[in-house]
Amino acid sequence: FQQRRCSARRAAFLVESLQDLDRGLRARGARLHIASGDPAEVLPTLWSRLGIQYLSFDADETGEPYARRRDARVLTAAREAGVRAEPHATETLWSLEAYEAKCGGMGNAPGTMTAYQSLLGRMGKVLAPVDAPVAADYPSPGVQGELVGAAEMLVPSSPLALPWPRETARAEVESVWGPAEVAALSSRVVPALRGGESAALERLEAKIQAPGREAWVAAYDKPKTAPTALTPSTTALSPYLSLGCVSPRDMWHAVDAAAAAAPKSAARSKPPVSLHGQLMWRDFNNLVARAANDSVPGSWGQMEGNRFCRQVAWGEDKAALAAWAEGRTGYPWIDACMTQLRAEGWIHHLGRHAVACFLTRGDLWQHWEAGAAHFEAQLLDADYALNGFNWLWLSCSGFFYQYFRCYSPVAFQKKKDPSGAYIRKYLPQLARLPDKYIYEPWKAPPAVQKAAGVIIGQDYPEPIVDHAVVSKANMSKMADAYAKHKALNGGGSGAPAKKKQKR
DNA sequence: CGCTCTGTTGGTATG
DNA sequence: ACATACCAACAGAGC
């Protein structure tokens with residue numbers, strides 16, 4: 001969690017999660033203490049001060065560069081201090097190490113979802129999570145007693161109270177989270193998602209476990225869920241999974257139980273579109289992130305050196321990138337999605353597809369890394385492995401290659417939500433336009449614009465590009481990039497592959 | 001090597 | 001509302 005790459009909204013979700021964790025610990029006679037600073041310096045100080053001999057920590061198995069370096073330094077310090085240190089894998093259904101052992105090294109790791117599914121099939125039954133600790137599991141008072149009252153170790157009350165990295169200048173911090181951005185947290189559009197385990201378990205109950213949900217769970221078909229719904233049409237459990245507020249194993253077994261209890265007549269979906277499938281995507285994505293970093297350290301999340309990523313000569317247009325990020329493209333569906341992202345930190349999966357395609361191969365031809373950085377900062381469910389994977393997919397840089405299948409910034413959602421209720425909610429300046437023009441306001445005659453109180457080019461932008469024109473042009477750029485890739489990688493012995501000439 | 005099949009989620013025109 | 005053909009034609013797995 002690095003503040004310079006994290007919106008105030010997302011940080012607020014973290015703070016809520018920490019506060020809830022503290023409440024949960026207090027209910028068991030313990031409490032949460034937060035130490036700030038460089039872990040490799042702060043932890044040894046605490047170990048010697050408090051006589052600590054055991055360190056248990058959450059394993060980062062993807063090889064994300066910051067986490068890898070941090071863990072290596074902390075483990076060295078622990079060895080030197082005689083502290084027994086134990087990492088525990090908790091983010092995935094199975095530890096990535098266990099997958100690696102099963103497939104005989106990361107070189108054999110699955111590169112497709114189908115191959116991953118067969119690997120999972122060989123892993124056995126997904127384990128249940130261990131029980132939550134009870135009061136008796138915590139040391140009493142001793143260690144805790146000495147820390148209680150240390151003001152600098154209290155749980156922060158707001159994003160601005162989070163401890164900053166020491167080298168970060170105050171001016172830099174404020175440019176990311178000025179008082180305005182923090183104040184905006186209580187703005188008109190409020191996310192439905194509150195941080196913390198309590199909220200996670202309530203949501204798990206409401207979406208999966210509650211009586212009456214069985215048939216919905218059994219029939220869940222991700223691509224058919226509505227991207228234009230005014231409240232999430234999916235479970236929206238991803239922010240909780242990404243922060244560890246709920247275990248994927250918990251969700252797995254909740255889905256199992258609900259589907260088993262569904263009536264015989266209920267429709268049954270299967271992976272990868274089912275709810276189990278959604279959890280499987282997470283593990284698959286984590287596995288390929290580890291595989292990329294195993295080949296070239298630090299290559300996941302970027303184009304260079306990434307063995308899963310096509311090299312594409314993306315453009316660099318700061319103005320186009322800013323228009324996209326700030327919801328000023330002139331395409332209401334895109335701008336509404338980007339507005340929801342900034343306001344709530346969440347958008348539907350298919351909305352993410354639409355805006356990611358628009359930024360990269362579809363329309364603006366901007367680098368997917370720039371889009372990924374914006375998503376990482378804004379999304380409550382931002383996740384290193386999943387974010388990287390999905391940007392590769394949507395930009396046709398990896399895992400998905402049918403670049404001639406391009407999302408229209410108008411058509412699909414118009415079919416789903418012909419009156420544009422979703423757009424009217426997030427772009428109130430367009431709210432009085434007739435249905436006919438809500439997805440394409442530039443087509444509205446001047447009199448209609450005037451009557452609706454919105455002049456295109458003045459109150460709302462003209463389209464930043466002509467989708468019909470640029471999407472065609474971009475497809476041929478993708479064809480070029482693919483041809484280059486083939487020439488570089490096609491020959492088994494390093495020789496360029498013969499190009500197939502048609503016509 | 002060549003072939004077929006599959007791949008979570010396209011758009012447009014036509015019936 | 002739904003089904004189908006067509007667009008121009010991807011990669012990866014498996015035989």
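**Strand E1, DNA strand C and the aromatic pairs**

Trainee: Which residues of strand E1 are on the covered face, and which on the uncovered one?
Mentor: In this predicted model, strand E1 (residues 54-58) has Leu55 and Phe57 on its covered face. Tyr54, Ser56 and Asp58 are on the uncovered one. In a regular strand, side chains alternate between the two faces of the sheet.

Trainee: What joins E1 to strand E2?
Mentor: Five bridges, and E1 and E2 (residues 84-88) run parallel. Ser56 stands opposite Glu86 in E2. With helix H3 (residues 65-81), E1 and E2 make a right-handed β-α-β unit.

Trainee: Switching to the DNA. Which residues are around strand C?
Mentor: Thr112, Arg310, Tyr401, Gln402, Tyr403, Phe404, Tyr482 and Lys486. They divide into four nonpolar, two polar and two charged.

Trainee: And what part of DNA strand C lies within 4 Å of the protein, sugar or phosphate, or bases?
Mentor: 84% of those atoms belong to sugar or phosphate, and the rest to bases. A polar side-chain atom of Lys486 lies 3.5 Å from a phosphate oxygen of the strand.

Trainee: How many aromatic pairs are there?
Mentor: The count comes to 25. One of them is Trp324 with Phe375: the ring centres are 6.2 Å apart and the planes at 20°, so the pair is stacked. Trp324 is in helix H14 (residues 318-325) and Phe375 in helix H17 (residues 368-378), 51 residues apart.

Trainee: Are those two buried or exposed?
Mentor: Both Trp324 and Phe375 are buried. Phe375 also forms an edge-to-face pair with Trp391, at 5.0 Å centre to centre and 70° between the planes. Trp391 is buried too.

Methods:
Residues numbered from 1 in each chain as written. Chains lettered and ligands numbered in written order. Predicted model: local features only at pLDDT ≥ 70, side-chain atom pairs only at ≥ 80, totals over all residues. Heavy atoms only, no water. Buried < 20%, exposed > 50% of the residue type's maximum accessible area, 1.4 Å probe, protein only. Helix = DSSP H or I, 4+ residues; strand = E, 2+ residues; numbered from the N terminus. Pairing = 2+ DSSP bridges. Right-handed = clockwise from strand over helix to strand, strands pointing away. Near = heavy atom within 4 Å. Polar contact = N/O pair within 3.5 Å; in protein donor to acceptor, adjacent residues only side chain to side chain. Nonpolar A, V, L, I, M, F, W, Y, C, P; charged D, E, K, R; others polar. Phe/Tyr/Trp six-rings, centres within 6.5 Å; stacked < 30°, edge-to-face > 60°.
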